[in-house]
Amino acid sequence: MEKLFFFDETFYWGRSGKRATVIEAECELTQSVRPDVLRAAVLSALRVHRNFRARPVIVGRRFLVDTSEVEQVAVVSEDEGPRSLCTKDTESLMLYVSYGERHFTLHVFHGLGDMRSICAFLKTVLSFYCHVGDDSQPAADSIDTFPCHEHILQGGAPGEPQAKFIPQEHDIFHLPEKLFSSTTTRQRIIDIDLPLAPILAFARENGSSVIPALNAVIGRAIRQCYDVGQKEIVCYIPTDLRPVFHFESGGNGAIPFSLPYTAETDRLPVGERARRLRKELNVQIRPANLYATVAQLRSDFDQIFAAPLPVQEVSPMVVKSGREKDSANNTYGISYAGHLDFGDVIAQQVQAVGVSAGSYSYPLWIVACEYKGVIRMRLVQSFESDRLATAIHQELTTLFHGTTYTDRGYHDFDSFPLSSVPSKRDNTKL
């Protein structure tokens with residue numbers, strides 16, 4: 001039984017319950033899925049990535065995890081529907097795999113890792129599945145979780161925050177859509193595939209990069225669809241702390257920041273919008289600004305950890321409070337996994353990759369990843385209308401020839417009921 005590092009544990013407190021944050025990474029294959037080979041591949045990958053086999057236990061008022069070896073993993077037909085993590089549905093693990101005829105999906109609780117870590121785990125699964133890997137994976141693929149927040153705070157503040165965007169001080173626009181029930185995990189999913197070469201050329205030409213370039217287009221689409229007025233469209237964006245604060249982690253190593261799109265920005269040509277948003281991004285991800293976010297999160301959760309109530313009572317309140325805060329502070333969210341490269345042998349068997357997560361904190365959550373020269377933006381929305389997705393697609397098509405749109409319909413995401421987590425009063429009895 002092991003302690004969780006601070007940041008990993010926050011997800012067990014704040015992203016659990018019926019609408020848990022479960023990240024799904026889907027691989028479209030060139031041939032039919034071989035379930036038995038896939039099951040063996042996942043088990044082999046779990047021997048490499050120790051933190052991905054974590055099974056939580058509540059000891060006293062904190063989460064600990066059992067990371068001992070596992071002998072079974074749930075690899076099931078996608079027809080069986082969503083599952084409850086940490087139950088017999090998933091062999092007590094916080095992950096499982098579902099599959100269809102020529103695709104499979106890795107379902108992972110966010111507490112095990114962020115997008116970078118999950119994609120590294122997926123690469124190991126594919127290496128075993130395609131018979132090109134063994135237990136000697138590169139360190140960056142097999143590194144365990146790391147006390148990243150502790151590492152950052154121990155180093156001290158790199159300076160005072162400068163021009164850090166404080167959402168509470170701004171009038172933020174919220175999508176006026178009728179949302180699905182707050183108890184359902186059903187979401188509507190739409191894929192927009194972008195050819196990589198033209199968007200990179202556009203970004204370079206305008207002194208920008210992928211994320212601000214996408215925000216320049218999405219912000220315009222939102223203003224075309226709705227009466228935004230002088231309010232600010234704010235995008236929630238996770239940024240990788242590893243290169244900023246010099247550490248490696250196979251767990252969670254990202255922190256969110258807010259990128260505002262103003263009425264003034266919208267009046268500019270698209271290239272200038274992308275350039276301005278890149279400059280704003282550079283301001284928000286200054287080490288001092290990111291440090292301030294880390295320090296505030298640590299302070300907030302230290303108070304939560306110190307509360308006298310049982311975890312099972314505190315966690316639902318933390319989930320509710322966190323989602324209300326995220327909803328109030330943001331219009332939508334976007335996460336970019338960056339470039340995925342599994343090697344030539346795997347590329348012959350994996351045609352496409354898409355990543356998604358339930359959009360519970362704000363109505364639209366976009367996860368993008370680059371594979372085989374295509375950026376797949378998977379839009380997950382908690383409302384029926386497709387008018388915003390259509391507008392985003394139209395804006396992108398105008399700029400980047402070859403952009404495609406695929407409506408994937410409705411999808412039910414998985415849950416993580418705290419009632420399934422074993423409890424022990426005293427860790428001396430473990």
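This briefing walks through the overall build of the protein, its aromatic pairs, helix α1 and two loop residues. Keep in mind that the model is predicted. The protein has 14 helices and 16 strands. Its radius of gyration is 21 Å, close to the 22 Å that the globule rule gives for 430 residues, so the protein is as compact as a globular protein of that length.

**Overall build**

- If you drew a box along the principal axes, the C-alpha atoms would fill roughly 65 × 55 × 40 Å.
- Burial first: 57% of the 430 residues count as buried.
- Take the contacts with a sequence separation of 6 or more, and 77% of them come from residues 24 or more positions apart.
- The accessible surface adds up to about 17800 Å², and carbon and sulfur atoms own 50% of that.
- On the charge side, there are 45 positive and 52 negative side chains. The centres of these two sets lie 3 Å apart.

**Aromatic pairs**

- The count of aromatic pairs comes to 20.
- One of them is Tyr12 with Phe109: the ring centres are 5.0 Å apart and the planes sit at 65°, which is over the 60 degrees needed, so the pair is edge-to-face.
- That pair links distant parts of the chain, with Tyr12 in helix α1 (residues 6-14) and Phe109 in strand β7 (residues 103-109), 97 residues apart.
- Both Tyr12 and Phe109 are buried.
- Phe146 and Phe247 make another pair, with ring centres 5.7 Å apart and planes at 10°; that angle is under 30 degrees, so this pair is stacked.
- This stacked pair also links distant parts of the chain, 101 residues apart. Phe146 is in the loop between α4 (139-142) and α5 (148-155), while Phe247 is in the loop between α8 (242-245) and β10 (254-261).
- The two partners differ in cover: Phe146 counts as partly exposed at 28% relative accessibility, whereas Phe247 is buried at 6%.
- Ring pairs also tie a cluster together, made up of Phe6, Tyr12, Trp13, Phe63, Phe109, Phe301, Phe305 and Phe416.

**Helix α1**

- Helix α1 is mostly covered, with nine of its nine residues buried.
- The buried residues of α1 include the aromatics Phe6, Phe7, Phe11, Tyr12 and Trp13.
- Asp8 and Glu9 are buried in α1 as well, and so are Thr10 and Gly14.

**The loop between β7 and α3**

- Gly111 lies in the loop between β7 and α3 (115-129), and counts as buried at 4% relative accessibility.
- Leaving out residues up to four places away in sequence, Gly111 touches Asp8, Phe11, Tyr12 and Asn252. Asp8, Phe11 and Tyr12 are among the buried residues of α1.
- Gly111 and Asn252 are 141 residues apart along the chain, yet their C-alpha atoms are separated by 7.2 Å.
- Asp114 lies in the loop between β7 and α3 too, and is buried with a relative accessible area of 6%.
- With the same neighbours in sequence left out, Asp114 touches Arg242, Gly251, Asn252, Gly253 and Ala254. Asn252 is thus a contact of Gly111 and of Asp114.
- Asp114 and Asp8 are 106 residues apart in sequence, with 9.5 Å between their C-alpha atoms.

Key
Residues are numbered from 1 along each chain as its sequence is written. This is a predicted model: local features need pLDDT of at least 70, side-chain atom pairs count only at pLDDT 80 or more; totals for chains, interfaces and linings use all residues. Side-chain values use heavy atoms; hydrogens and water are left out. Helices (H or I, at least four residues) and strands (E, at least two) are DSSP runs, numbered from the N terminus. The radius of gyration is taken over C-alpha atoms; the globule rule is 2.2 Å times the number of residues to the power 0.38. Buried means under 20% relative accessible area, exposed over 50%, partly exposed in between (1.4 Å probe, protein chains only). Contact means heavy atoms within 4.5 Å. Accessible areas come from the Shrake-Rupley method with a 1.4 Å probe; for residues, only the protein chains shown count as cover. Lys and Arg count as positive and Asp and Glu as negative; His and the chain ends are not counted. The place of a charge is taken as NZ of Lys, CZ of Arg, CG of Asp or CD of Glu. Rings of Phe, Tyr and Trp (its six-membered ring) pair if their centres lie within 6.5 Å; planes under 30 degrees apart count as stacked, over 60 as edge-to-face and the rest as tilted.
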